Structure formats: structure tokens, C-alpha cells
Amino acid sequence: MAKTSIINKLYNTGPLLLLYYLCISEVDSNLEKIFEIFTLNFQIILIYFWVLKRPEIMANGHIFFAGLINDVVMGFPLGISSLSYLIIIFVGTYVRNKSVNTTIASDWVTFFMAMVFSNILFFSLLNNFSDLSFSISKIGYNMFFTFFMFPIFWLLFNLYQMTFIGSRDA
Amino acid sequence: MSVSRDDFSIAFRSALLQRGGAQKFSVLSLIFLALIIFFLDVYGMKFTKPVRSLINDIVYRVTFLASAPTRFIPEVSKDLTSFFNVREENKKLKIELEKFKSLELNVEFLKDENKNLQKILETEYFNKNLSNIVLAKVLVDKNSPFLKSIIINKGTKAGILKGMPVTKNNYLVGRVVETNYLSSRVLLLNDLNSRIPVTLDQGAQAILAGSGLNNPILEYLPEDYEIIEDINVFASGKDGIFISGTPIGNTNEKGEVELFVDPNQLSFVTVNRNIKKKGDF
């Protein structure tokens, strides 16, 4: 019984560990080396899905901390990724509070709004308060691919949830 | 109508302030905390610099350790391939060695000639003092779509300052843009924020600007200048940061500059401490 509960706990912490690992390691979801315009913000897909489906396994404090780590590794001003992740949490929690049944289509549409709000905040802060310059086309490609890859990861995360954590939709 | 407005405000407030269960902090409190950290970092209060430097050093080391498994697999496959190709490689190397032996004599002669000419011109002879060259290991090479940079394992402790040029096999790679006590961040030449003055084979001056993609481009070329393939690009040294004549790359058919060193394949680099010009980078 105790063994099962430890395994369940491990499964429950899987998404959070993945988020931390993506933020702190060299592993990235950026496949520019293979296909020059393909970049993806995998972290926001991960956060949005789990905040929407199982907020208890993605605590706000952990997401905030993962954002700080991401800033250090990427060389951005501290706190900027945390802010963008918190916007994702905010939209996700709002949608969760307002909706009874969610489908892949409704999650996809609401994810688009979360991504737009989060990226507007992220890039406007960077543009106004740092010396870093960005290519608008790159931001566009990044948003485009993140948006269009969402359903694929939605299905994968859903499968993970059904198999290892158990279904308990909003 | 008023009911739906109430619903909206309840859901909105709940999303911002909700706590309990696994959520020990509300979104609103964390947003405030993130904003405070952000502005403290951006406006660089006196105490934030050493704190940020310490955090950077710790996180970079952890990143290096966390990335070890991802680095191990490609290394093993590379080693296996080179093991099977060792005979063929030996043959090739023998031929190359012969070629280099003959070239070495030529280089010696040119070196002496160059020294003598510089003496004649009474220019300051730049002595490449090896003690001023610091070999550094690349700790983190996270491929970000927005910032092309690497983290190296040498910082202010090793005498590294902001702005110092970074090379690999004498080819220019980038420059130091952030220093911590035990680590530094190097901005690569292909980053969108990178701008350096360069000289082309025929003596034309230009600015090498990072495009955010693999190959940087040439800007501010002389009017009516037509870029052809295979023009060598060197640092002009006009900014007082880079050593003039440091090779960078050559032009391709699209007019971009193909770097001599692949910025995605860096494992060791050298930092030149001879240049110590401070400035805003």
C-alpha cells in the first residue's frame, strides 16, 4: 500500500519535475538546428494543461521558482519568465473556474488567449526594460508553433493523466 | 446580466486570490513578488548585483550537472564512430601532416617578415602573451530562439571582464557580456544583439550583425558593393575590443557570413584578456 502511494506520488510530481528539468537543463524544445523556423515554448503548454486539469500537482510557488531558474539560464532579467508563467496560471485558473466541461477545442482556444497575454507581457517588458532586441518574425513563429503543437501535447498529457494519475477533469 | 457580471468578477477574483490545498501562494502575491524582483534586477540596486552573480554561479553549475545525461549520449555515439573510422583517419592525417610540414616553413618565414615590417613601420607589435589567454569550458549551451549565448566556467576570479573577445582555434566566436565570480555569459556572433566592425578581403569595412539565425549578415557596406561568394571576413579591431585580423568566416552565395566555427558545437573556448576596454555592451 505504502509502495503504491510512493509510486503515485512520483507520477504526480512527473509534470513538475519535467518543468524544472526543462528550465534548468540544456534540453530545449527548440529545433532550429533541424528546421530553421521551428521554435516552441513547451513550458507554457505544460503549465497551462496541468493548471487547467490538475492544479494541485502544479503549485504556483514551484512555477514561479521554475520561471526564475529559466531567467538565469536564458540570461533574461530575473522575474520575467515567472510573470509570464503566472499569467498562464491566471488565465488557466479563470477558465477552470468558469467552465464545467472542457474539451480539447475549448482548451485550445483558451490556451491561445493565455499565450497571447503572456507573450505580450513578456516581450513588452523585455523591450522596454532591457537592451535585448528581438525579431518579430521569430516571436511570430514561436507563437504559431506553440499554438499548433498544443493539441498534440494535450493528447499526450491526457494519456499520461489517464494512465498514471487518474481522470478527474474540471 | 448582473448575474453574469458577478460570475465574471467572482471567477476573476478567485483566479487571482485563490489559495489552499497545494497552492500556498496566490497568483496575485506572486505577481507582485515577480515584479519586485524584476525591477530590482533591471535597475541594478547595489546589493542585487552580487546576489544575481551568486545565483547565476549556482544555477549554471546545477545546469551543467543536469545536462550531463543529454551530453553523454551524443559523446558516446561520436566516440564509437571515431573508433571505427580510426584507420581511414590515420591515412588522411598522414597526408595532412606532410602538407602542414611544408606550410610551417612558409609560415615561419612570413612571421619573421611580418615582425620586421611592423618594426619598420614603428607600430606597436602586439605580443600574444599566453598568460593572457584563458581556456574555458562551455558549461551551458542552451539553444534559445531569442538569445544566442553560452555560459563558460571562468569568471572575474580568472580575470575575465565584460567585453573581452572569445575565440576558438583563433577564430572569433563572440564576446563576454555578463561576468560572475565563477562563470560568464558569452554573446555569440549570430545573436540578434551582436554587432562588430569587420574588414573584408578587399579592404572594405562593414558591420557584422547577428541575424538570430545561424549565419550573421553584413551591414553598412560601401555603396554599390556587391557581395560575392568566398570573401573572407576578419575583425577590424576598430572598436578596440577585438584584435584586428581575427578571422571570422566567409561569405556564401546568399551574401551571409558562414562562420568558421559552428556556434552550436562549442565545448572549449579561449578568452583573450589583453583587451580590457570597459563600456556598455
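**Two chains of a predicted model**

Student: How much area does chain B expose, and what share of it do carbon and sulfur atoms supply?
Tutor: Chain B exposes about 17,300 Å², and carbon and sulfur atoms supply 59% of it. Accessible areas come from the Shrake-Rupley method with a 1.4 Å probe, and for residues only the protein chains shown count as cover.

Student: Where do these values come from?
Tutor: This is a predicted model, in which local features need pLDDT of at least 70 and side-chain atom pairs count only at pLDDT 80 or more, while totals for chains, interfaces and linings use all residues. Residues are numbered from 1 along each chain as its sequence is written, and chains are lettered from A in the order in which they are written.

Student: What about chain A, how much does that expose?
Tutor: Chain A exposes about 7,500 Å², with 72% supplied by carbon and sulfur atoms.

Student: And what percentage of each chain is buried?
Tutor: Of the 170 residues in chain A, 57% are buried; of the 281 residues in chain B, 38% are buried. Buried means under 20% relative accessible area, exposed means over 50%, and partly exposed lies in between (1.4 Å probe, protein chains only).

Student: Which helices and strands are there in chain A?
Tutor: Chain A has six helices and zero strands, whereas chain B has five helices and twelve strands. Helices (H or I, at least four residues) and strands (E, at least two) are DSSP runs, numbered from the N terminus.

Student: How do helix 3 and helix 4 of chain A cross?
Tutor: The axes of helix 3 (residues 60-74) and helix 4 (residues 80-98) of chain A come within 7 Å and cross at roughly 145°. Axes are lines fitted to C-alpha atoms, for helices over the stretch in contact, and angles run from 0 to 180 degrees between N-to-C directions.

Student: Which residues meet there?
Tutor: Among them, A:Ile63, A:Phe64 and A:Leu68 belong to helix 3 of chain A, and A:Tyr85, A:Leu86 and A:Ile89 to helix 4 of chain A. Contact means heavy atoms within 4.5 Å.

Student: Switching to chain B, what is the phi of B:Asn170?
Tutor: B:Asn170 has a positive phi of about 70° although it is not a glycine. Most residues other than glycine have a negative phi. B:Asn170 sits in the loop between strand 3 (165-168) and strand 4 (171-179) of chain B.

Student: Is B:Asn170 buried or exposed?
Tutor: B:Asn170 is exposed, with a relative accessible area of 51%.

Definitions and conventions: Heavy atoms only, no water.
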